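Subject: Structure for your review

Dear colleague,

Please find below the structure that I am handing over to you. My notes on it follow directly after.

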Amino acid sequence: MPVIDTPLDNGVDLGAVAAIRDGLAAYEFEPFFQPIVRLSDASLVGFEALARWRHAERGLVEPADFIVLAEANGLIRAIDAVILDRAWHAFDEALAAAARPSSPMTLSVNLSAAHLLDGAIVERIRGLIASEHGTRLQFEITETLLIKDHDAAGQVMQQLKAMGVSFALDDFGTGYSSLVYLHRLPIDCIKIDRSFSEAILTSERSHAIVRSIVGLAHSMGLRAVAEGVEEEDVAEALIGLGCEYGQGLYFGCPVPASGLIAYLERSVRQVG
């Protein structure tokens, strides 16, 4: 079981914190996988592993109901570790069962800022990706999370990049540190927040923001992925702005590990 940091609590619902701890102990946290596609032809390029809590009594709990609490009470690192391990192994098994696609697939997993200040993550990931299976690992970091020491975080990230790991800046445009992170950290991909993608057809400002973000990504040699793509018209508008990749319900909803093979076999047929 991953190490759980000392909780901060500070007036929060201690029963909810205890429930998360119990959920970790009972192995109730699991990854759901949402496809990421190339917008030009909707071909599959990878998945994002999203945390879900399969609570014994409440059923499936969405991350909005536990992530913030976990972050505030030192539990997010343990959740990250469980999701990463389960996602990596489930994805590897699904690739083998689906006679894996000819092109490498990227598995994108969220990583809390605390990991970037802990060099132990490097050896952990080295051991995880030691097997030969052609999967590319990408970590997503959220700009709304405060990284206090950019130099230390950058060093850890560079060590991981040397092993083939890439980094995406998630929810781009919603926090205060977007450009600082792009300037100080070795980012490979910008993920355009869904609030901008969803309004691209109805808001001139959102349209302009997306155009600017895509242009910024291209000027820096970064990939741009639009989140929250739920309609064909939105996908077409993104293509028109030069955005290469997309993620959202229009291309597929998040599924548990048991649903991975169907997505992958569809990709194999597209390649073939």
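How many residues does helix α3 have, and how far does the helix reach from its first C-alpha to its last? Helix α3, residues 76–97, has 22 residues and reaches 31 Å between those two atoms. That is close to the 32 Å expected at 1.5 Å a residue. After α3 comes Ala99, whose phi is positive, near 50°. Please bear in mind throughout that this is a predicted model.

Overall composition

The protein chain contains ten helices and nine strands. Of its 272 residues, 49% count as buried. Among contacts in the chain with a separation of 6 or more, 70% are accounted for by residues 24 or more positions apart.

Packing of α3, α4 and α5

Two packed helices are described by the angle between their axes and the distance between the axes. Both values are given below for each of two helix pairs.

The axes of α3 and α4 come within 12 Å and cross at roughly 20°. Since angles under 35 degrees count as roughly parallel, α3 is therefore roughly parallel to α4. The crossing in which α3 passes α4 is right-handed. On the α3 side, the residues that meet α4 are Ala81, Leu84, Asp85, Trp88 and His89; on the α4 side they are Arg124, Ile125 and Leu128. Sorted by class, this contact has five nonpolar residues, one polar residue and two charged residues.

Helix α4 (residues 120–128) also packs with helix α5 (residues 150–161), their axes coming within 9 Å and crossing at roughly 15°. These two helices are therefore roughly parallel to each other as well. Here, too, the crossing is right-handed, with α4 passing α5. Ile121, Val122 and Ile125 of α4 make the contact with Val156, Gln159 and Leu160 of α5. By class, the contact of α4 with α5 has five nonpolar residues, one polar residue and no charged residues. Ile125 thus appears in the contact with α3 and also in the contact with α5.

Buried residues and their surroundings

Three buried residues may be of interest when you inspect the model.

Leu137 is placed in strand β5, residues 136–142. Its relative accessibility is 3%, so Leu137 counts as buried. Leaving aside neighbours within four places in sequence, Leu137 is in contact with Leu84 and Trp88, both of which also take part in the contact of α3 with α4. The other partners of Leu137 are Leu107, Val109, Ile125, Ile129, Gly164, Val165 and Ser166. Leu137 and Ile125 are twelve residues apart in sequence, and their C-alpha atoms are 9.5 Å apart in space.

Leu111 is found in the loop between β4 (106–110) and α4. Is Leu111 buried or exposed? With a relative accessible area of 5%, Leu111 is buried, because the cut-off for buried is under 20%. Not counting residues up to four places away in sequence, Leu111 touches Asp80, Leu116, Ile121, Phe139, Glu140 and Ile141. Of these partners, Asp80 is 31 residues from Leu111 in sequence and 6.3 Å from Leu111 in space, C-alpha to C-alpha. Another partner, Ile121, is one of the α4 residues in the contact with α5.

Ser197 lies in helix α7, residues 194–198. At 0% relative accessibility, Ser197 counts as buried. Beyond residues up to four places away in sequence, Ser197 touches Ile192, Val210, Ala226, Glu227, Gly228 and Val234.

Loop residues with positive phi

Where is Tyr27 found? Tyr27 is in the loop between α1 (14–25) and β1 (29–38). Although Tyr27 is not a glycine, its phi is positive, at about 60°. Its relative accessibility is 47%, so Tyr27 counts as partly exposed.

Ala42 is found in the loop between β1 and β2 (43–55). Ala42 likewise is not a glycine, and its phi is positive, at about 60°. At 34% relative accessibility, Ala42 counts as partly exposed.

Yours sincerely

Note on methods:
Residues numbered from 1 in each chain as written. Predicted model: local features only at pLDDT ≥ 70, side-chain atom pairs only at ≥ 80, totals over all residues. Heavy atoms only, no water. Axes fitted to C-alpha atoms, helices over the stretch in contact; angles between N-to-C directions. Helix = DSSP H or I, 4+ residues; strand = E, 2+ residues; numbered from the N terminus. Parallel < 35°, antiparallel > 145°, perpendicular 65-115°, else oblique. Left-handed = near helix turned anticlockwise from the far one by under 90°. Contact = heavy atoms within 4.5 Å. Nonpolar A, V, L, I, M, F, W, Y, C, P; charged D, E, K, R; others polar. Expected span 1.5 Å × (residues − 1). Buried < 20%, exposed > 50% of the residue type's maximum accessible area, 1.4 Å probe, protein only.
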